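Colleague: I would like to learn how to read a two-chain model, feature by feature. Could you take me through one, giving the general idea before each case?

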Amino acid sequence: MSVSNDIVLNNISFAYASAKPILEDVNLIVKHGEFASIVGPNGSGKTTLLKLFLGLIKPNTGEILVFGDTPENSRLKIGYMPQYAHLDMQFPVTVMDVVLMGRLGLNRGSRFFKNDRIAAMSALEEVKMTDFAKHLFNELSGGQRQRVLIARALCCEPELLLLDEPMSNIDPEIEEALFEILQGLNKRMTILLVSHDLGFVSQKVNSVICVNRCVVVHPTSEINGTIIKDIYGGDICMIRHDHRCGEEGHQHD
Amino acid sequence: MIEFINALSDPDNEFLRLALYVGTLASLSFGIIGSYVVTRRISYLAGAISHCVFGGIGAGLYIQNKVGLEWFDPMYGAVISAILAAVIIGTVSLHAQQREDTVIGALWAIGMATGLLFIDRTPGYFDMSSYLFGDILLISNIDLQLVVILDIIVVGFTVFFYNKLLAVCFDDEFARLRGINAGAFYMLLLCLTALTVVLLVRVVGIVMVIALLTIPAAVAGQFAKRLWQMMLLAIFFCMLFTWTGLAVSYSYRLSSGPTIIVIAGLVYLIVLLFTRIIKTR
């Protein structure tokens, strides 16, 4: 197992209890320094894939290695931005409170010190939200909230950044700016982001991980109309073997 | 009001002073735990726990009078059943993610029913209204000791783990990813809620527990920007409701529990109306 592989998935299958499988026989390698977008239709298993990387759910079969170890043991090296829909929008917290949560796990106790606050402010600066540090989290717009949650993930000092739909509910020009921020961050860390918009994402990222029960990786340059149609068109994935695939390639029916 | 202040200084009214001390000190725990319950949205869990307390009180009376263990005060039964209910509810909500509300509803009614069955089988007549609707004037020195112990535990727990608890209440999934044992913190929080509920039963009774647990925190939530501010304000409002409730109930010879709740409810309504008016302007 090479050290430069951040994530390795071997023959992973996953199903929620008594439902048909969401992911079947998935093989995937994410190399260090990659900037990839995870795309696929609704319910195809994009978020499930992220949760497997994080060890929040366990695969029914197969093996996952994150930084050469189990997902649970590698968690603290991962910065995760969830979709904010599950958060309570009346919760009394400031932007600073939320970002500081990323510092938990780096300190032993439950207290924050000056260096934590400095780290939180610089994370806010990276997403251009310093002016809002003292604002209430629930008074922000959708796009601002997403940037705060990215700052919280950055505050973890991660080697791998996982972002779940960071571009939803965001104006195009802010999306553009956010991608520039992410490109800058990509110099220090691997970035995987879930996206619902394949066309735009492919201009910025190095590769696209297509999920629809099975998983296929395409370098950005290979993306064309046929592939997009295949992803959104039916439940059959494009079969295309490239260097990232497993030894036997993919088998689909 | 002057009548109430005079009554407080009357040496014969030891019970009134005790009620005021307990109400004031208990407000610390009520305000803090109430803020957690409101922000974590588990007030119906607190409701279920409080009704299970009735089962424990029934069992306690049965053990004391039928089994013959004189030292077994019904309050011991209350504490045991509250903790038991908290552990069951916590396990259900952490592991069996679906139909959680059904289990909680069932527990709510079963707790109440077992209490009544125990009382059926216990010789003698018991007036349950002080348990159901509370009677702060029956409060004893033992309650005062219990309140102080609970306050120390709740305040200590909150001061020590504030940031972790905030993260667990705001986003437990993220907290887990940061290496925090979110499940254990949730269980601990439920157990502290259970102990607080037992005390609340003494003050306002089983039926009205949820009101005094959530209304001060809900009113505080209208003004607070951060969780600790919400806690401090909730403590203040809880004290205010207890004091005015006691004074009004003493002056007009009303039951203390319902008076406290009605005052709290009125204040909540007024605050809601005012914030609505200010926001629409």
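**The contact between the chains**

Modeller: The contact draws 25 residues from chain B and 32 residues from chain A, and I should say at once that this is a predicted model.

Colleague: How is the size of such an interface expressed, and what is the area buried between chain B and chain A?

Modeller: The size of an interface is often given as the accessible area lost when the parts come together. Here the area buried between chain B and chain A is about 2,700 Å², with carbon and sulfur atoms giving 59% of that area. On the side of chain B, the residues that lose the most area to chain A are F170(B), L177(B) and R178(B), which together account for 32% of what that side buries.

Colleague: How many salt bridges and how many residue pairs in polar contact does the rule find across the interface of chain B and chain A?

Modeller: The rule finds four salt bridges across the interface, and it also finds seven residue pairs in polar contact, both residues being at pLDDT 80 or more. The elements of chain B that give two or more residues to the side touching chain A are α7 (141-170), α8 (172-177) and α11. Of these, α7(B) gives the most, with ten residues. Sorted by class, that side of chain B has 14 nonpolar, three polar and eight charged residues.

Colleague: Which residue of chain B forms a salt bridge with D97(A), and which one with R152(A)?

Modeller: D97(A) pairs with R226(B), where the closest N and O atoms are 2.5 Å apart. R152(A) forms a salt bridge with D171(B), and there the closest N and O atoms are 2.9 Å apart. This second pair crosses between chains, from helix α5 of chain A, which holds R152(A), to the loop between α7 and α8 of chain B, which holds D171(B).

Colleague: Are R152(A) and D171(B) buried or exposed?

Modeller: The cut-off for buried is under 20% relative accessible area. R152(A) is buried because its relative accessible area is 0%, and D171(B) at 2% relative accessibility likewise counts as buried.

**Salt bridges within chain A**

Colleague: Where do E157(A) and R103(A) lie, and how many residues apart in sequence are the parts that they tie together?

Modeller: The side chains of E157(A) and R103(A) meet in a salt bridge, 3.0 Å from N to O. E157(A) lies in the loop between α5 (142-154) and β6 (160-164) of chain A, while R103(A) lies in the loop between α3 (95-100) and α4 (114-126) of chain A, so the pair ties together parts that are 54 residues apart in sequence. E157(A) is exposed, with a relative accessible area of 52%, whereas R103(A), at 6% relative accessibility, counts as buried. Salt bridges that share partners join R103(A), D116(A) and E157(A) into one network.

Colleague: How many salt bridges does a search of the whole structure find?

Modeller: Such a search finds eleven salt bridges over all chains. One pair to look at is E72(A) and K58(A), whose side chains meet in a salt bridge at 2.2 Å, N to O. The two are 14 residues apart, with E72(A) in helix α2 (residues 71-74) of chain A and K58(A) in the loop between α1 (46-54) and β4 (61-66) of chain A.

**A helix of chain B**

Colleague: How should I read a helix, and what span should helix α4 of chain B have?

Modeller: An α-helix has 3.6 residues a turn, so residues three or four places apart point the same way. At 1.5 Å a residue, the 22 residues of α4(B) (residues 74-95) should span 32 Å, and the end C-alpha atoms are 32 Å apart, which agrees. The buried residues of α4(B) include A78(B), S81(B), A82(B), A85(B), A86(B) and I89(B). Among the elements that cover the buried residues of α4(B) are α3 (43-67), α5 (100-120), α6 (129-133) and α9 (182-204) of chain B. At the start of α4(B), a side-chain oxygen of D73(B) comes to within 2.9 Å of the backbone nitrogen of M75(B).

Conventions: Residues numbered from 1 in each chain as written. Chains lettered and ligands numbered in written order. Predicted model: local features only at pLDDT ≥ 70, side-chain atom pairs only at ≥ 80, totals over all residues. Heavy atoms only, no water. Helix = DSSP H or I, 4+ residues; strand = E, 2+ residues; numbered from the N terminus. Expected span 1.5 Å × (residues − 1). Buried < 20%, exposed > 50% of the residue type's maximum accessible area, 1.4 Å probe, protein only. Contact = heavy atoms within 4.5 Å. Polar contact = N/O pair within 3.5 Å; in protein donor to acceptor, adjacent residues only side chain to side chain. Buried area = accessible area lost by both parts, 1.4 Å probe. Nonpolar A, V, L, I, M, F, W, Y, C, P; charged D, E, K, R; others polar.
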